[in-house]
Amino acid sequence: GVTFVAGDFLGEYEDDGGFDGIIFCSALHDLPDVTRGLAKAAALLRPEGKMVLLHAQGCAHVMGQHKANPVLVKRGLPSAKELEVIGVELGLELIHAPAELGSTKDSDEGYLAILRKAA
C-alpha cells in the first residue's frame, strides 16, 4: 500500500526504510535552509527515489513574495542550474527542470522540478 507522511523532517524525523518519493508543495522557499532541506530529503529517499518540487503559482510569484517580505519568504525557488549543482552534491539527478523565472511557461504552468536519487 501507499503511506503518506506529513511531518517536520528537518527536526528529529528519521525513517529506517526510506521513501520512494518526497514532495515539496509550495513549501521549499519557506525552509530556513533550502540546501539542508534537500539534503535531508535526499537522505530519506531510497535509491532511484524521486523528489518533486512544485509551486502552482511559479517562480515569479515566489520571487515577488520574497521581495515584498524577505523575512517571511526567505528566498526564491532554485533555478535549474542551482538544482543541478545541489543535485551533484547530494547524489541526485535533475530529470525535469523547472521553467525559467519570468518565462511564459513559469506563469502558465508554475514551478515543477523532479530529481532522482542515484541507484
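Is Arg116 buried, exposed or partly exposed?

The model is predicted. The exercises below work through its salt bridges, cysteines, one helix and the overall fold.

**Exercise 1. Classify Arg116, then find its partner and place the pair in the fold.**

Step 1. Arg116 has a relative accessible area of 29%. Buried needs under 20% and exposed needs over 50%. Arg116 is therefore partly exposed.

Step 2. The Arg116 side chain forms a salt bridge with that of Glu93, at 3.0 Å from N to O.

Step 3. Glu93 sits in strand E3 (residues 92–96) and Arg116 in strand E4 (residues 111–117), so the bridge ties together parts 23 residues apart in sequence.

Step 4. Check the partner. Glu93 has 42% relative accessibility, which counts as partly exposed.

**Exercise 2. Search the whole structure for salt bridges and describe the others.**

Step 1. The search finds three salt bridges. One of them is the Glu93–Arg116 pair.

Step 2. Take Arg46 and Asp20. Their side chains meet at 3.0 Å, N to O. Arg46 belongs to strand E2 (residues 45–55) and Asp20 to strand E1 (residues 19–25), so this pair links parts 26 residues apart in sequence.

Step 3. Compare the exposure classes. Asp20 is exposed, at 56% relative accessible area. Arg46 is partly exposed, at 34%.

Step 4. Take Glu82 and Arg75. Their salt bridge spans 3.5 Å, N to O. Glu82 is partly exposed at 34% relative accessibility. Arg75 is also partly exposed, with a relative accessible area of 26%.

**Exercise 3. Decide how many disulfides the model holds.**

Step 1. Apply the cut-off: two cysteine sulfur atoms must lie within 2.5 Å.

Step 2. The count comes to zero disulfides. For Cys25, the nearest cysteine sulfur is that of Cys59, 14 Å away. For Cys59, the nearest is that of Cys25, also at 14 Å.

Step 3. Note the setting of Cys59. Cys59 is buried, with a relative accessible area of 6%.

**Exercise 4. Work out which face of helix H2 is buried and what that face packs against.**

Step 1. List the buried residues of H2 (residues 58–68). They are Gly58, Cys59, Val62 and His66.

Step 2. Look down the helix axis. The buried residues of H2 fall within an arc of 140 degrees, so they line one face.

Step 3. Recall the helix geometry. An α-helix has 3.6 residues a turn, so residues three or four places apart point the same way.

Step 4. Turn to the other side. The face of H2 away from its buried side carries the exposed residues Lys67 and Ala68.

Step 5. Name the packing partners. The buried residues of H2 pack against E2, helix H4 (104–109) and E4.

**Exercise 5. Summarise the fold, then judge how compact the protein is.**

Step 1. Count the elements. There are four helices and four strands. From the N terminus, they run β-α-β-α-α-β-α-β.

Step 2. Test the compactness. The radius of gyration is 14 Å, close to the 14 Å that the globule rule gives for 119 residues, so the protein is as compact as a globular protein of that length.

Step 3. Add the dimensions. The C-alpha atoms fill a box of roughly 40 × 30 × 30 Å along the principal axes.

Step 4. Look at the burial. Of the 119 residues, 36% count as buried. The protein exposes about 7,100 Å², with carbon and sulfur atoms supplying 54% of it.

Step 5. Finish with the contacts. Among those between residues at least 6 apart in sequence, 64% join residues at least 24 apart.

How values were computed
Residues numbered from 1 in each chain as written. Predicted model: local features only at pLDDT ≥ 70, side-chain atom pairs only at ≥ 80, totals over all residues. Heavy atoms only, no water. Salt bridge = Lys/Arg side-chain N within 4 Å of Asp/Glu carboxyl O. Helix = DSSP H or I, 4+ residues; strand = E, 2+ residues; numbered from the N terminus. Buried < 20%, exposed > 50% of the residue type's maximum accessible area, 1.4 Å probe, protein only. Arc of directions from axis to C-beta. Contact = heavy atoms within 4.5 Å. Rg over C-alpha atoms; globule rule 2.2 N^0.38 Å. Areas by Shrake-Rupley, 256 points an atom, 1.4 Å probe, with all protein chains shown as cover.
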